[in-house]
Amino acid sequence: MTRHYSAFNLLREGLRGHKGWGRAWRSPEPKSAYDIVIIGGGGHGLATAHYLVRNHGITNVAVLEKGWLGGGNTGRNTTVIRSNYFYPESAALYDMSVQLYEGLSRELNYNVMFSQRGMLVTAHSEPDMEMAARQLNAMRLNGVDAELLDADQVRRFEPALNFGPNMRFPIHGGILQKRAGTGRHDAVAWGFARSADAGGVDIIQNCEVNEFIVEAGRCVGVNTSKGEIRADAIGAAVAGHSSALMKKAGVELPINSYALQAFVSEPLKPVLNSVVLCPPFGTYVSQSDKGGLVIGGGLDRVPSYGQRGNMPVQEAVLSGLAEMMPSLSKVKLLRHWAGIVDVTPDSSPIIGPSGLDGLYLDCGWGTGGFKAIPVGGWLLAHLLATGKHHEISRPFDRNRFVSGYLIDEGAASGIAH
Ligand SMILES: Cc1cc2nc3c(=O)[nH]c(=O)nc-3n(C[C@H](O)[C@H](O)[C@H](O)COP(=O)(O)OP(=O)(O)OC[C@H]3O[C@@H](n4cnc5c(N)ncnc54)[C@H](O)[C@@H]3O)c2cc1C
């Protein structure tokens with residue numbers, strides 16, 4: 001049985017040597033059939049299961065994960081949560097997610113450590129400042145909080161940034177989104193998993209989906225490493241594996257997969273107030289509650305499924321950090337890793353029917369789907385339960401690559417995490 005713990009349990013277990021903790025979720029064998037099967041036990045798949053129970057009362061659900069929960073990008077990302085996008089469709093999507101994050105610890109009764117410390121995107125020239133003002137206006141028109149800071153305000157807000165006379169790209173100002181911040185990635189996956197399990201969902205780890213069962217033009221199940229499992233509707237949230245897996249269902253996706261790397265330093269005393277992104281250096285950084293700098297940059301140049309770091313990207317990202325904040329140039333790195341991210345031509349996700357009846361998609365989040373875990377789960381659950389788009393997911397249907405109604409955030413907001 002899944003248990004929920006209180007402060008009293010914590011005290012009691014502390015006093016008796018932590019002998020009484022139960023499992024946070026069960027480990028069942030799969031049944032032969034469910035109402036709904038979700039492929040992928042990352043944040044999006046687990047959130048989908050949670051919202052199927054919470055919003056639609058559907059509990060005969062399985063989440064199939066080929067490895068362990070959160071072992072994909074959900075457990076590998078730099079945990080930035082924000083909604084500083086340009087287009088109204090994106091603002092509606094990502095701001096709904098920020099709002100869901102704001103209530104998530106309470107909803108799940110699990111501390112996801114959402115810390116709204118703000119995100120600062122610096123501007124490094126007068127034309128940059130003009131673009132920042134345009135972005136700010138777009139954000140405000142879309143109902144998203146944003147402030148334009150001048151150079152002095154940036155200096156007061158983040159004094160560790162480089163304001164030296166010889167800086168290659170001097171700081172002219174920046175955009176601050178105060179409601180942005182960071183969350184604890186594992187806790188997001190675990191909180192959704194625990195809640196879904198408590199609602200009756202079977203979470204099945206070490207269960208790889210190998211093939212789709214198609215009858216009369218409809219997807220009616222999957223063949224897995226644990227046998228055949230049938231379902232009325234199937235959702236796939238497998239991030240960097242989306243195009244390869246969907247090919248097995250005869251569905252072509254306009255997605256390329258790339259390695260994206262991240263770095264964590266030794267712990268330092270507090271030196272940063274927010275998440276800072278300096279676009280010309282291609283580097284962003286925040287400081288974890290343990291004190292480590294959590295550092296990220298751009299994609300590897302060549303598409304690949306090789307889930308590991310490499311030196312050229314390390315050099316580019318860390319030299320960017322040294323220019324942003326020279327005082328950090330002697331800090332030691334502790335860890336370095338990569339995840340495989342799923343990138344679409346317009347840098348926006350694909351949410352909707354796959355083109356094969358009964359099979360639905362939540363993918364293409366690329367470098368920015370951690371922030372979207374609650375909304376991705378909400379929208380995929382809606383599709384699986386009703387067979388129809390939610391008004392927020394409709395613009396993100398894969399048909400936009402046929403109609404040409406792209407949501408090109410890469411061009412508009414220069415997205416980065
Ligand atoms: C280094 C890095 C930094 C990032 N930084 C940020 C950030 O700061 N902010 C942000 O918003 N986003 C960020 N992202 C992106 C974000 O992590 C992802 O978009 C998000 O985690 C995707 O979640 P998901 O649940 O869709 O995918 P995942 O967490 O990858 O889960 C997919 C799961 O599907 C499973 N799976 C795959 N194939 C199969 C199969 N055949 N059968 C069964 N299971 C299968 C995988 O094992 C995996 O566990 C970053 C990503 C990386 C790699």
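1. How many bridges join β11 to strand β18, and in which sense do the two run? There are 3 bridges, and the strands run parallel. Strand β18 covers residues 359–363. One bridge pairs Gly235 with Tyr360 in β18. Keep in mind throughout that this is a predicted model.

2. Stay with β11, residues 227–236. Strand β1, residues 33–39, pairs with β11 in the parallel sense over 6 bridges. Look for Tyr34: Ala231 in β11 stands opposite.

3. Strand β10, residues 218–224, also pairs with β11. Here 4 bridges join the two, and they run antiparallel. The two strands form a hairpin, with 2 residues between them. Thr224 has Gly227 of β11 as its bridge partner. As background, strands of a sheet pair through backbone hydrogen bonds, either parallel or antiparallel.

4. Now turn to another sheet. It is open and has 8 strands, in the order β5-β6-β4-β13-β14-β15-β12-β16. The pairing is mixed. Why do β5 and β16 each have one side without a neighbour in the sheet? Both stand at the edges with a single partner strand, so one side of each is left free of a neighbour there. Strand β5 spans residues 147–150. On average, neighbouring strands of this sheet are turned by 20 degrees against each other, direction ignored.

5. Zoom in on one pair in that order. Strand β14 (residues 283–287) and strand β15 (residues 292–299) are antiparallel, with 4 bridges. Val285 has Ile295 in β15 as its bridge partner.

6. Next, the ligand. It is surrounded by 38 residues. The closest are Glu65, Asn73, Thr74, Thr78 and Lys371. By class, the shell holds 15 nonpolar, 18 polar and 5 charged residues.

7. Which atoms come close to the oxygen atoms of the ligand? A side-chain N or O atom of Glu65 lies 2.7 Å from a ligand oxygen. Gly368 brings a backbone N or O atom to 3.2 Å from an oxygen atom of the ligand. For Thr79, a polar backbone atom is 3.4 Å from a ligand oxygen. Taken alone, the ligand exposes 1000 Å², and the protein buries 97% of that.

8. Where does the shell come from? Three elements give two or more residues each: α2 (43–56), β12 (256–267) and β16 (333–343). The largest share, 3 residues, is from β12. Domain 1 (28–80 + 185–254 + 346–412) and domain 2 (117–180 + 256–343) each supply at least three residues to the shell.

Technical notes:
Residues numbered from 1 in each chain as written. Predicted model: local features only at pLDDT ≥ 70, side-chain atom pairs only at ≥ 80, totals over all residues. Heavy atoms only, no water. Near = heavy atom within 4 Å. Polar contact = N/O pair within 3.5 Å; in protein donor to acceptor, adjacent residues only side chain to side chain. Areas by Shrake-Rupley, 256 points an atom, 1.4 Å probe, with all protein chains shown as cover. Nonpolar A, V, L, I, M, F, W, Y, C, P; charged D, E, K, R; others polar. Domains from an automatic or database assignment. Pairing = 2+ DSSP bridges. Axes fitted to C-alpha atoms, helices over the stretch in contact; angles between N-to-C directions.
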